[in-house]
Amino acid sequence: MKRTYILFIFLAFFAISYSQVIDKKWVKENYTKREVMIPMRDGIKLYTAIYEPISKSEKHPVLMSRTPYSIGNYGNEMNNQLWNSWREYSKEGYIFVFQDVRGKWMSEGNFVDVRPFNPNKKKETDIDEASDTYDTVEWLLKNTVDNNGNVGVSGCSYLGFYSLMAALSNHPAIKAICPQAPVTDWFMGDDIHHNGALMLSDAFSFLPYIDRPRPLPTASQTEGSKPFYTTDEYSFFLKSGAIKNLTKLLGDSIKFWNDVTEHPNYDSWWKARNTRNGCYNIKPAVLVVGGLFDAEDGYGTWELYKTINKQSPDTKLNLVIGPWNHGGWLSDYSTYLGNIRFGSNTSIYFKESENKFFNYYLKGKGNVEDMKKATVFFSGENKWKAFDSWPPKEKVMTPLYLGDKGTLQFTAPNTASSYTEYTSDPSNPVPYTARIQQNRGIEYMTDDQRFAERRPDVISFETEPLKEDLTLGGELIADLKVSISTTDADFVVKLIDVFPDDFSYDAKVYGEGNGQSYQMNGYQMLVRGDVMRGRYRNSFEQPEAFVPNKPTTVSFKLTDIAHTFMKGHRVMIQIQSSWFPLVDRNPQQFVDIYHCNDSDFIKSDIKIYHQQNQASRILLPVLK
């Protein structure tokens with residue numbers, strides 16, 4: 001049986017590989033490639049690869065992607081995206097354009113991370129990423145063979161940011177954009193911070209790569225991207241100590257890292273890099289795509305959609321969210337993440353939606369009448385659901401109260417005095433995963449949390465087994481009543497689905513074909529977790545110290561969720577004050593975290609109240 005299963009997998013892989021070889025051969029026979037340097041309004045030229053269909057039977061739309069990561073395949077080689085993720089568009093005869101953004105790889109100029117959008121350009125030579133897109137499109141319309149005058153822009157993550165900038169350029173030829181997991185606000189969410197807390201492992205690995213100096217245009221990898229450590233990440237960051245030690249290790253060349261350390265609060269520097277500032281009167285159609293379990297830019301996906309819906313209500317706007325990790329929708333097969341199975345190949349839905357979207361708006365082919373405003377996959381029950389808006393209008397914000405002895409219930413506590421206490425020790429922070437690994441993995445977004453529940457510095461609250469399904473869709477809000485013995489602390493809140501003690505996956509049902517059961521007895525699936533840096537509880541612009549041992553409120557939004565707790569499962573809430581090294585350690589004193597010393601890190605005794613006049617609760621977006 002095992003040998004047959006392996007043979008099945010091999011044949012499937014061979015079939016995919018063979019089909020891509022055929023597609024590659026077809027693309028080379030039916031497309032030409034040229035490389036050009038397109039001039040921008042300030043004289044800087046951007047390296048651009050253009051792939052044009054040989055066929056002259058019709059006018060062709062343009063599909064463009066702009067990237068800071070290198071378009072690759074310089075010279076005679078063709079971009080493999082044409083026979084991988086964009087192969088359906090190849091068959092449709094699109095013109096393809098790939099561009100290195102300003103200051104990256106083969107393009108001229110200086111690179112700026114999340115370069116601020118400038119809607120009020122005063123000089124003809126004032127530039128931003130929107131103007132660079134405008135100038136590129138203007139050149140393409142005049143210099144590509146048989147284009148039909150319609151341009152679409154697509155991309156994932158940082159490329160999603162550039163896709164939005166294309167819409168903000170207001171070029172009339174740009175008819176549709178598809179920002180996927182777009183970088184949106186690096187202070188409030190996404191890769192660099194969550195609610196003001198530094199996402200340490202991501203920021204330290206990403207910024208030295210993306211922001212390393214590049215004196216001259218180059219098609220080769222520049223120096224400085226070597227790993228700083230070869231041990232596991234938990235040990236490395238703990239031994240490194242305070243953030244200023246990491247800054248010294250990086251040196252002066254990583255500009256954005258140094259900028260981050262000089263802007264600890266949500267000041268004008270950060271606000272200028274919030275892409276939601278300019279989402280008014282967007283003319284192109286927009287398809288926002290992202291993943292429920294996106295560890296990098298899950299925040300940006302939900303928030304960009306909601307912002308466009310609010311600021312630009314007349315925009316043709318759609319949302320597709322699947323049970324995907326970062327970019328998981330781009331794979332040919334997406335049936336699981338970590339230990340959690342989704343019951344079908346969910347990436348098919350993205351491909352069908354994106355193809356329908358671009359073909360309609362760029363070619364006038366087919367229709368999009370059956371595309372709902374928001375189509376979202378609900379984990380737990382493993383079903384797609386369609387809505388006329390997101391968050392769904394039918395949601396009811398329902399309080400779930402923390403209680404004495406680890407209880408969790410929908411009725412408010414009536415006890416006069418009740419709290420749960422733990423000690424947070426920065427020298428022994430709570431890990432975010434039980435795995436020993438060098439780099440942050442993707443599986444932690446659905447990981448079993450029993451390893452954390454066993455720690456004395458993690459407190460847990462749990463319902464009785466549910467008597468009926470509980471479906472949540474929308475924003476999740478933590479509203480905690482706390483006191484701490486020091487002047488600052490972080491608060492990590494995790495929403496967890498506790499499986500029954502006799503739960504197992506049927507491998508046949510979940511598409512794994514070997515007929516075996518997959519035991520998940522008592523699994524504590526992380527559904528959503530997020531962090532709040534306590535000093536920002538009242539204002540992200542003006543942080544405030546805690547008064548030691550004085551009860552206060554810490555309330556914050558977690559990234560949106562779409563999950564059904566099935567009948568017989570339990571709802572669990574875990575609270576802790578470190579999540580390391582996913583999040584940097586809080587010294588637990590009201591000091592400058594980016595410049596403080598190792599000696600500034602101290603223990604803090606933390607109380608979470610669950611009593612009549614200080615009732616901690618989680619507000620759940622319940623769908624009736």
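Here are a few worked exercises on the structure above.

Before we start, note that this is a predicted model, where local features need pLDDT of at least 70, side-chain atom pairs count only at pLDDT 80 or more, and totals for chains, interfaces and linings use all residues. Residues are numbered from 1 along each chain as its sequence is written, and side-chain values use heavy atoms, with hydrogens and water left out.

**Exercise 1. Overall shape**

Task: Work out how the radius of gyration of the chain relates to the value for a compact globule.

Solution:
- Step 1. The radius of gyration is taken over C-alpha atoms, and the globule rule is 2.2 Å times the number of residues to the power 0.38.
- Step 2. For 624 residues, the rule puts a compact globule near 25 Å; the chain has 25 Å, so the two agree.
- Step 3. The C-alpha trace spans about 80 × 55 × 50 Å along its principal axes.
- Step 4. Now look at burial, where buried means under 20% relative accessible area, exposed over 50%, and partly exposed in between (1.4 Å probe, protein chains only). On that scale, 59% of the 624 residues count as buried.
- Step 5. Accessible areas come from the Shrake-Rupley method with a 1.4 Å probe, and for residues only the protein chains shown count as cover. The chain's accessible surface comes to about 25500 Å², and carbon and sulfur atoms hold 50% of that.
- Step 6. With contact meaning heavy atoms within 4.5 Å, take the contacts between residues at least 6 apart in sequence: 77% of them join residues at least 24 apart.

**Exercise 2. The sheet of 10 strands**

Task: Trace the strand order of the sheet of 10 strands and find the helices that pack on the sheet.

Solution:
- Step 1. Helices (H or I, at least four residues) and strands (E, at least two) are DSSP runs numbered from the N terminus, and the chain has 12 helices and 28 strands.
- Step 2. Two strands pair if DSSP finds at least two bridges between them. The order in this open sheet is β1-β2-β4-β3-β5-β6-β9-β10-β13-β14, with mixed pairing.
- Step 3. At the edges sit β1 (31–39) and β14 (383–387), each pairing on one side only. From one strand to the next, the twist averages 20°.
- Step 4. Inside the sheet, β9 (residues 285–291) and β10 (residues 317–322) are parallel and share six bridges, with G291 opposite G322 in β10.
- Step 5. For the angles, axes are lines fitted to C-alpha atoms, for helices over the stretch in contact, and angles run from 0 to 180 degrees between N-to-C directions. Helix α10 packs on the sheet, touching β6 (174–180), β9, β10 and β13 (374–378), and its direction makes about 160° with that of β10.
- Step 6. Helix α11 (residues 347–363) also packs on the sheet; the strands it touches include β3 (60–67) and β5 (147–156), and its direction makes about 165° with that of β6.

**Exercise 3. The sheet of four strands**

Task: Identify the edge strands of the sheet of four strands and the bridge partner of L495 in β25.

Solution:
- Step 1. This open sheet has the order β18-β25-β20-β23, and its pairing is antiparallel.
- Step 2. Its edge strands are β18 (459–462) and β23 (524–533), each of which pairs on one side only. Here the twist averages 20° from one strand to the next.
- Step 3. β20 (residues 490–498) and β25 (residues 570–576) run antiparallel and are joined by seven bridges. L495 has I573 as its bridge partner in β25.

**Exercise 4. Salt bridges**

Task: Place three salt bridges in the fold and sort their residues into buried or exposed.

Solution:
- Step 1. Side chains of opposite charge can pair when their charged atoms come close. A salt bridge here is a side-chain nitrogen of Lys or Arg within 4 Å of a carboxyl oxygen of Asp or Glu, and the count by this rule is 37.
- Step 2. K255 and D259 form one, with their closest N and O atoms 2.8 Å apart. They are four residues apart in helix α8 (residues 255–262), so about one helical turn separates them. K255 is exposed at 53% relative accessibility, whereas D259 is buried at 18%.
- Step 3. E303 and K306 form another, at 3.0 Å from N to O. The two are three residues apart in helix α10 (residues 298–311), again about one helical turn. E303, at 16%, is buried, and K306, at 14%, is buried.
- Step 4. D488 pairs with R535, the closest N and O atoms being 2.7 Å apart. D488 lies in the loop between β19 (470–484) and β20, and R535 in the loop between β23 and β24 (552–565), so the pair ties together parts 47 residues apart in sequence. D488 is buried at 0%, and R535 is buried at 8%.
- Step 5. E303 and K306 also belong to a salt-bridge network with D185, R276, E475, K557 and D560.
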